[in-house]
Amino acid sequence: MKIINNISEMQNWRNDSAKIAFVPTMGGLHQGHLSLIDLAKKNADKVVVSIFVNPTQFAQHEDFGTYPRTMDADLAALELSPTDLVFIPNTHDIYPDNAVFNQDEFAQDKALFEILCGKSRPHFFYGVLQVVRRLFAIIHPDVAVFGQKDYQQLHIIKHFTSGTEIIGAPIVREDNGLAMSTRNQYLNADEYKIASKLHKILKQIERGELDLQSATEQLQRYFKLDYLELLDANTLKKITDNTSKIAILSAVYLNKVRLIDNIIF
Ligand code: AMP
């Protein structure tokens, strides 16, 4: 497994004809990330994984400074995976221009950036899109794999990137149903148990055992609710007669930890 820190070295490596699949991450790797890498390998000759804690997707008050940075463990896990190359750029190389990003391009589709997670994190999807586009411009992947756990992110990336096929990968969960996340490290043992209620309640909606109102009340027993919504999974707009897939999407706070989850059916 090769490790590259430098953009020109990365671009030189890319100059062969192999089909490349790319998995962007912020490190703090868990089985969810590793499942993306396995799926990437099934879709290409070589797999590139990036580790970059992207400053532009964090607001001032968020956890950029304390976000789990576990490089040694990450590299050890990647060695055992089908990863061919790990790209670990530094912030200055990704953002030599102080991360200027013109949002005008998205004026017509602004709503997509402002609903769901965008309501409480208005900067977030612009930051994600910015870094993904810059990484794509360096790596030129044929395919890139993103987790469905971040469903709105996957949707936005599918819509606003080009030249790379975007593949969505299923959510990997803990035994108790909690969607795996790097930020789960912030949960103590009691919180970890309570956190599993989020998925259980979403499943009850899927099975028709809870309507939106009762599910909201249930979630509020355990969490501070950010949002719970049922939308058309293809458009992230209201469900209509033409809706073929429904997305149940939720974000909650458990004390200071923000959890997100979804079910598509
Ligand atoms: P992150 O390192 O949190 O930016 O995540 C990197 C990629 O891993 C994103 O495409 C996430 O959607 C994906 N991911 C994170 N957690 C999971 C999970 N539990 N199951 C599947 N994919 C995940």
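A polar contact is a pair of N or O atoms within 3.5 Å, where within protein one atom must be able to donate a hydrogen and the other to accept it. With that in hand, here are the close-ups, all taken from a predicted model.

**Figure 1. Asp261 and its partner Arg173 are joined through their side chains.** The polar contact between Asp261 and Arg173 spans 2.9 Å. Asp261 belongs to strand E9, which covers residues 257-264. Its relative accessibility is 4%, so Asp261 counts as buried. Leaving aside residues up to four places away in sequence, Asp261 touches Ile171, Arg173, Ala179, Leu198, His199, Leu202, Ile248, Leu249 and Ser250.

**Figure 2. Helices H9 and H10 pack against one another.** Here we look at H9 (residues 189-206) and H10 (residues 212-222), whose axes come within 10 Å and cross at roughly 175°. Because an angle over 145 degrees counts as roughly antiparallel, H9 is roughly antiparallel to H10. On the H9 side, the contact is made by Ile194, Lys197, Leu198, Ile201 and Ile205. H10 contributes Ala215, Gln218, Leu219 and Tyr222. By residue class, the contact of H9 with H10 has 7 nonpolar members, 1 polar and 1 charged. Leu198 of H9 may look familiar from the previous figure, as Asp261 touches Leu198 too.

**Figure 3. Asn54 sits in the loop between E3 and H3.** With a relative accessible area of just 1%, Asn54 is buried. Two polar contacts are worth finding here: the side chain of Asn54 meets that of Thr56 at 3.1 Å, and that of Tyr95 at 2.6 Å. Tyr95 also appears among the residues that Asn54 touches, along with Met26, Phe64, Gly127, Val128 and Val131, when residues up to four places away in sequence are not counted. If you would like a distance to check, the C-alpha atoms of Asn54 and Thr25 are 9.3 Å apart, with their positions 29 residues apart in sequence.

**Figure 4. A salt bridge joins Glu62 and Arg121.** The structure holds 12 salt bridges, and in this one the N to O distance is 3.0 Å. The two partners come from distant parts of the chain, 59 residues apart. Glu62 is in the loop between strand E3 (46-51) and helix H3 (71-79), while Arg121 is in the loop between helix H6 (117-120) and helix H7 (124-139). Arg121 has a relative accessibility of 8% and so counts as buried.

**Figure 5. Lys110 and Glu114 form a salt bridge within helix H5.** The closest N and O atoms of Lys110 and Glu114 are 3.9 Å apart. Both residues lie in H5, which runs over residues 110-114, and their spacing of 4 residues is about one turn of the helix. Lys110 is partly exposed at a relative accessible area of 40%, and Glu114 is likewise partly exposed at 41%.

**Figure 6. Glu229 and Lys119 bridge a strand and a helix.** Their closest N and O atoms are 4.0 Å apart, forming a salt bridge. Glu229 is part of strand E7 (residues 224-232) and Lys119 is part of helix H6, so the pair links distant parts of the chain, 110 residues apart. Glu229 is partly exposed, with a relative accessible area of 22%, whereas Lys119 counts as exposed at 59%.

Notes:
Residues are numbered from 1 along each chain as its sequence is written. This is a predicted model: local features need pLDDT of at least 70, side-chain atom pairs count only at pLDDT 80 or more; totals for chains, interfaces and linings use all residues. Side-chain values use heavy atoms; hydrogens and water are left out. Axes are lines fitted to C-alpha atoms, for helices over the stretch in contact, and angles run from 0 to 180 degrees between N-to-C directions. Helices (H or I, at least four residues) and strands (E, at least two) are DSSP runs, numbered from the N terminus. Angles under 35 degrees count as roughly parallel, over 145 as roughly antiparallel, 65 to 115 as roughly perpendicular and the rest as oblique. Contact means heavy atoms within 4.5 Å. Ala, Val, Leu, Ile, Met, Phe, Trp, Tyr, Cys and Pro count as nonpolar, Asp, Glu, Lys and Arg as charged, and the others, Gly among them, as polar. A salt bridge is a side-chain nitrogen of Lys or Arg within 4 Å of a carboxyl oxygen of Asp or Glu. Buried means under 20% relative accessible area, exposed over 50%, partly exposed in between (1.4 Å probe, protein chains only).
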